[in-house]
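Here are a few notes from going through this model. Have a look at the structure first, then see whether you read these spots the way I do.

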Amino acid sequence: MAKPRIVVFRMRELIYTAIFAVLAIILLILVFFMFRPKETKNRTKETSHAVSDASEETYFAGVYTTSLTLSNQAVDLEVTVDKNHINNIRLVNLGESVTTMFPLVEPALDELSRQICQKQSTDGITCSQENKYTSQILFQAIQNALAKARK
């Protein structure tokens with residue numbers, strides 16, 4: 001014959017189980033809201049402003065780099081952009097030997113950076129004749145970095 005079993009629960013165990021169940025539900029809701037697609041939040045707002053947003057935002061905001069090789073040493077050119085503007089252009093990892101071998105790199109980049117940040121475009125940028133080739137190399141690297149940033 002079947003023996004009936006009696007199970008005894010302590011109140012403390014029931015309370016702990018209920019607290020963990022509530023925390024698990026809260027965690028699941030939080031994960032759901034964190035990882036859901038952002039397009040569903042403002043779909044009606046996006047469809048009404050789709051034409052204006054596409055024309056205003058030119059870049060993905062961030063820092064984009066392109067590597068240059070000058071006298072067998074890698075130099076990184078860093079372009080910082082936000083959604084609509086080119087904010088900063090600078091050289092990173094510029095060693096002492098590179099600045100000694102290529103003294104026109106920094107002045108050429110300063111000139112290009114000033115013009116590009118002022119015009120917010122690479123169209124119509126002019127280079128001085130004394131650092132023409134250095135400017136062309138830097139200009140090409142800037143265009144490569146901006147190509148990565150464009151939408």
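1. Let's begin with α5, keeping in mind that this is a predicted model. The residues of α5 that count as buried are Val-105, Ala-108, Leu-109, Glu-111, Leu-112, Ser-113, Gln-115 and Ile-116. Their cover includes the strands β1 (62-70), β2 (73-81) and β3 (86-92), along with helix α6 (132-149).

2. On geometry, α5 runs over residues 105-119, 15 residues in all. From first C-alpha to last the helix reaches 21 Å, close to the 21 Å expected at 1.5 Å a residue. Just past the end of α5 sits Gln-120, with a positive phi of about 60°.

3. Next, the loop between α5 and α6, where you'll find Asn-131. Is Asn-131 buried or exposed? Its relative accessible area is 4%, under the 20% cut-off, so Asn-131 counts as buried. The Asn-131 side chain has a polar contact with the side chain of Ser-128, at 2.6 Å. Leaving aside residues up to four places away in sequence, Asn-131 touches Leu-104, Pro-107, Ala-108 and Glu-111. Two of those, Ala-108 and Glu-111, are on the buried list for α5.

4. Now over to the surface. A nonpolar patch there has about 1200 Å² of accessible area together, and its members include Val-7, Phe-9, Met-11, Leu-14, Tyr-16, Ile-19, Phe-20 and Ile-26.

5. One patch member to click on is Ile-19, which lies in helix α1 (residues 11-35). With a relative accessible area of 44%, Ile-19 falls between the 20% and 50% cut-offs and is therefore partly exposed.

Note on methods:
Residues numbered from 1 in each chain as written. Predicted model: local features only at pLDDT ≥ 70, side-chain atom pairs only at ≥ 80, totals over all residues. Heavy atoms only, no water. Patch = residues over 30% accessible without salt bridge, like charges linked within 9 Å, V, L, I, M, F, W, Y side chains within 5 Å. Areas by Shrake-Rupley, 256 points an atom, 1.4 Å probe, with all protein chains shown as cover. Salt bridge = Lys/Arg side-chain N within 4 Å of Asp/Glu carboxyl O. Helix = DSSP H or I, 4+ residues; strand = E, 2+ residues; numbered from the N terminus. Buried < 20%, exposed > 50% of the residue type's maximum accessible area, 1.4 Å probe, protein only. Expected span 1.5 Å × (residues − 1). Contact = heavy atoms within 4.5 Å. Polar contact = N/O pair within 3.5 Å; in protein donor to acceptor, adjacent residues only side chain to side chain.
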